[in-house]
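Trainee: I've got this one open on my screen and I'd like a close look at a single part of it. Pick one stretch, take me through it slowly, and then show me how it fits into the rest.

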Amino acid sequence: MFSLTFSFFILGLIIGSFLNVLVYRLKDVETLLGRSFCRSCRHQIRWYDNIPLLSFVLLKGECRDCKSGISWQYPFLEILTAGLFAFAGAYFFSPRDVSSWLETAWLLGIIACFVVIAAYDLRYMEIPIILLFVSLGLTLLFFTLQFHSGQALWSSRIGLGLFGGAAVSLFFFALVFMSKETWMGWGDVWLGFVCGMIVGLPLALFMLTLSFTLGAFVGVAGIFLKGKSLKSQVPFAPFLVVGTLSTVFLQHIFPEFIRFFLL
Ligand SMILES: [Zn+2]
């Protein structure tokens, strides 16, 4: 069991280092496959300086050529992705249950997309549309494959997912419309649809409560610690991402707890 979780952790480290590259290259429309280079001196990065986590530690967070600092985003996203992958592997994957393979694969895909969406929104105050489509496509595909003909469509995961997505995105649409885009942006409306779809009804309410509570705490902390005003724009995608992934994990690990909350 330990070695299986550890394998997911290592896979997460490797995928995480690719996600770091995505955060930058989706913005600059650079090729995704080219060799990595230092963002400061443009020197190509040697293969042995490109090992997830390890290289950052060995290089003490500095470029070998120009000694400029390497962003903390690199080790942070790698550890985050690795941790989430290990968690997903430990709780969702069981080698003898083929249907769990499908669910784990879907979840790893969502985690990968969401890590980039959150980091991208923090960095650029924007949500990469391509990843919204990828996570929406993955979810539709997974829910469709899970659907079996004896089920009523409206009470299946795909039906409840579509209702959940519609409810969350309508709510966000109202917020964007009323605040004239000062509280949140159009990207959040689309991300809200994907998140609402993933957790479905009625858990979409739980997910929203969690995201807004988290956002409020961090917002208040930001005002006190950094002297940010109430008006400074806060990227909301990271909170939605945390709220959604937490809901997915909580529902799976403590189904009773979630049922209790909803009553
Ligand atoms: Zn450099």
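Mentor: One term before we start: a residue is called buried if 20 or more other C-beta atoms lie within 10 Å of its own, exposed if there are 12 or fewer, and partly exposed in between. Also keep in mind that this is a predicted model.

Let's take helix 7, residues 186-199. Its 14 residues reach 20 Å from the first C-alpha to the last, close to the 20 Å expected at 1.5 Å a residue. Is helix 7 mostly covered or mostly open? Covered: 12 of the 14 residues are buried. Click through them and you'll meet Gly187, Asp188, Val189 and Leu191, then a run from Gly192 through Phe193, Val194, Cys195, Gly196, Met197 and Ile198 to Val199. Notice that Asp188 is on that list along with the likes of Phe193 and Ile198.

What do those buried residues pack against? Five helices: helix 4 (98-124), helix 5 (129-146), helix 6 (157-179), helix 8 (203-226) and helix 9 (237-253).

Now follow the chain out of the helix. Glycine 200 comes after helix 7, and its phi is positive, near 70 degrees. A little further on, the peptide bond from leucine 201 to proline 202 is cis, with omega near -5 degrees. Proline 202 belongs to the loop between helix 7 and helix 8.

Next, the wider packing. In soluble globular proteins, nonpolar side chains tend to be buried together. Here the largest nonpolar core has 56 residues, and the members that touch the most others are Ile111, Phe114, Val115, Val116 and Ile117. Helix 7 is one of the elements that give two or more residues to this core, alongside helix 1 (2-28), helix 3, helix 4, helix 5, helix 6, helix 8 and helix 9. The largest share, 14 residues, comes from helix 4. The core also draws at least three residues from each of domain 1 (1-92) and domain 2 (126-263).

Have a look at valine 115, one of those well-connected members. Setting aside neighbours within four places in sequence, valine 115 is in contact with Leu19, Leu77, Leu80 and Thr81.

Just along from there, find alanine 82 in helix 3. Alanine 82 has 23 other C-beta atoms within 10 Å, so it counts as buried. Its contacts beyond four places in sequence are Phe9, Gly12, Leu13 and Gly16. Try the C-alpha distance to glycine 12: the two residues are 70 apart in sequence, yet 3.7 Å apart in space.

What about the two domains themselves? Their centres, taken over C-alpha atoms, are 27 Å apart. The contact between them takes 4 residues from domain 1 and 4 residues from domain 2. On the domain 1 side, helix 3 (residues 73-92) brings the largest share, 3 residues. That side divides into 4 nonpolar residues, no polar and no charged.

For contrast with helix 7, go to the loop between helix 1 and helix 2 (54-58), where you'll find arginine 42. Its phi is near 60 degrees, a positive value in a residue other than glycine. Arginine 42 has 9 other C-beta atoms within 10 Å, so it is exposed. Leucine 53 sits in that loop between helix 1 and helix 2 as well, and its phi is also positive, near 65 degrees. Leucine 53 has 15 C-beta neighbours inside 10 Å, so it counts as partly exposed.

Finally, zoom out. The protein chain has 10 helices and 0 strands. Its radius of gyration is 20 Å, close to the 18 Å that the globule rule gives for 263 residues, so the chain is as compact as a globular protein of that length. Along the principal axes, the C-alpha atoms fill a box of roughly 60 × 50 × 30 Å. Of the 263 residues, 33% count as buried, which you can set beside the 12 of 14 in helix 7. And of the contacts with a separation of 6 or more, 67% are between residues 24 or more positions apart.

Technical notes
Residues are numbered from 1 along each chain as its sequence is written. This is a predicted model: local features need pLDDT of at least 70, side-chain atom pairs count only at pLDDT 80 or more; totals for chains, interfaces and linings use all residues. Domain bounds come from an automatic or database domain assignment. Two residues are in contact if their C-beta atoms, placed from the backbone, lie within 7 Å. Helices (H or I, at least four residues) and strands (E, at least two) are DSSP runs, numbered from the N terminus. Ala, Val, Leu, Ile, Met, Phe, Trp, Tyr, Cys and Pro count as nonpolar, Asp, Glu, Lys and Arg as charged, and the others, Gly among them, as polar. The expected span of a helix is 1.5 Å times one less than its number of residues. A nonpolar core is a set of buried Ala, Val, Leu, Ile, Met, Phe, Trp, Tyr and Cys residues joined through C-beta atoms within 7 Å. The radius of gyration is taken over C-alpha atoms; the globule rule is 2.2 Å times the number of residues to the power 0.38.
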